Amino acid sequence: MVLPFRFAVNMLAPGSGDEWRTRCRRAEELGYDLILIADHLGTPAPFPSLVAAAETTTRPRVGTFVLNAGFYNPVLLAREVATTAALTGGRLELGLGTGYVAAEHEQAGLPFLPPGPRVDHLAAVVKELAKEPTADVPLLIGGNGDRVLGLAARHARVAAFSGGRFEGTTATVLTAEELAARVEAYAGFEKEAGRAVPAERNLLLQRVEVTDDRAAAVAEFRPAVPYLTEEQILDLPILAVGTVREIADRLLALRERLGFSYFTVLDDSMEAFGPVIAELREREPAPGASS
């Protein structure tokens, strides 16, 4: 089942009120379908930021990418979600993850649980959100482990793949083959869940660079992944590097091969990715777009 493209920008540093509203309007002008905000200490609180984003725009949906479930009491979070959904006119999409930054938990005075209990807490949050009045808020669950993917297969409208993994405090990227294996595992979980409609699949593009020289562009990325060959780096799904047409072709291929139809970029790539959105919209207009 081929789903239409959706594109999101994940804001990490909204800035002042005026700066935030200006950037949100610019995201709408560039054609983004969603304006998202991360959930880390040192960045603005997600829910007030999303209310402001919805007030200053008309078309994009707004969402979290992703909430650190470990920060929240499930019942109190459900109240925040219900209020934000109402204040944004039903445009809220909620992204959830287990959380992975131990230092942030320590700073907040919260325990950083082992992986298993973190997933248990995420499951408890999902269960609470399934109750009214938050049951209709579209849910995205992000991660790569089997239990999180299984949770997404059973409950989420969007399954988000990060393209990387954490082993303790060490982060490594997934090669194209490793990500394909995770997607295959997820498809098995969906089959087990007996879903009538498959979840939308999201991929975070960690870097976007429009260039005529792909090899030179990824050379700067090489120190971060010294264990990969140049060919493997060029093939990393999380990198969108090349001409506008090359990047568009690559996203079309990722949708065809792995089912990714929803792509998120970071805010420092918002402008660079705009022409890619335009290119893909020209080839494949969004549903409901006028011809």
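User: A salt bridge is a side-chain nitrogen of Lys or Arg within 4 Å of a carboxyl oxygen of Asp or Glu. Why are the side chains of Arg21 and Asp18 said to meet in a salt bridge?

Analyst: This is a predicted model, and in it the N to O distance between Arg21 and Asp18 is 2.8 Å. The cut-off is 4 Å, so the pair counts as a salt bridge.

User: How do you know that Arg21 and Asp18 are separated by about one helical turn?

Analyst: Both residues lie in helix H1, and they are 3 residues apart there, which means a separation of about one helical turn.

User: Why is Asp18 called exposed, and why is Arg21 called partly exposed?

Analyst: Exposed means over 50% relative accessible area, and partly exposed means between 20% and that value. Asp18 has 54%, so Asp18 is exposed. Arg21 has 33%, so Arg21 is partly exposed.

User: What makes Arg182 and Asp146 a salt bridge, and which parts of the chain does the pair link?

Analyst: The closest N and O atoms of Arg182 and Asp146 are 2.8 Å apart. The pair links distant parts of the chain: Arg182 is in helix H7 and Asp146 is in helix H6 (residues 146–155), 36 residues apart. Asp146 has 43% relative accessibility and therefore counts as partly exposed.

User: Why is it said that Asp249 and Arg283 tie parts of the chain together?

Analyst: Asp249 and Arg283 form a salt bridge, with closest N and O atoms 2.7 Å apart. Asp249 lies in helix H10 (residues 244–258) and Arg283 in helix H11, so the bridge ties together parts that are 34 residues apart in sequence. At 36%, Asp249 counts as partly exposed, and Arg283 also counts as partly exposed, at 33%.

User: Which residues are joined into one network by salt bridges that share partners, and how many salt bridges does a search of the whole structure find?

Analyst: The network joins Arg6, Arg61, Glu93 and Glu200. The search of the whole structure finds 20 salt bridges.

User: How many aromatic pairs are there, and why is the pair of Tyr32 and Phe273 called tilted?

Analyst: The count comes to 7 aromatic pairs. For Tyr32 and Phe273, the centres are 6.4 Å apart and the planes are at 35°. Centres must lie within 6.5 Å, so the two rings pair. Planes under 30 degrees apart count as stacked and over 60 as edge-to-face, so 35° leaves the label tilted.

User: Where do Tyr32 and Phe273 sit in the chain, and are they buried or exposed?

Analyst: Tyr32 is in the loop between helix H1 (17–30) and strand S2 (34–37), while Phe273 is in helix H11 (residues 270–283), 241 residues apart. Both Tyr32 and Phe273 are buried. They belong to one aromatic cluster with Phe5, Phe7 and Phe263.

User: What makes up the patch of negative charge on the surface?

Analyst: Glu177, Glu178, Glu230 and Glu231 gather there. Helix H7 (176–193) and helix H9 (230–234) each give two or more residues to the patch. Glu counts as negative, so the patch is called negative. Patch residues need over 30% relative accessible area, and Glu231, at 66%, passes that cut-off.

Definitions and conventions: Residues numbered from 1 in each chain as written. Predicted model: local features only at pLDDT ≥ 70, side-chain atom pairs only at ≥ 80, totals over all residues. Heavy atoms only, no water. Patch = residues over 30% accessible without salt bridge, like charges linked within 9 Å, V, L, I, M, F, W, Y side chains within 5 Å. Areas by Shrake-Rupley, 256 points an atom, 1.4 Å probe, with all protein chains shown as cover. Charge placed at Lys NZ, Arg CZ, Asp CG, Glu CD. Helix = DSSP H or I, 4+ residues; strand = E, 2+ residues; numbered from the N terminus. Buried < 20%, exposed > 50% of the residue type's maximum accessible area, 1.4 Å probe, protein only. Phe/Tyr/Trp six-rings, centres within 6.5 Å; stacked < 30°, edge-to-face > 60°.
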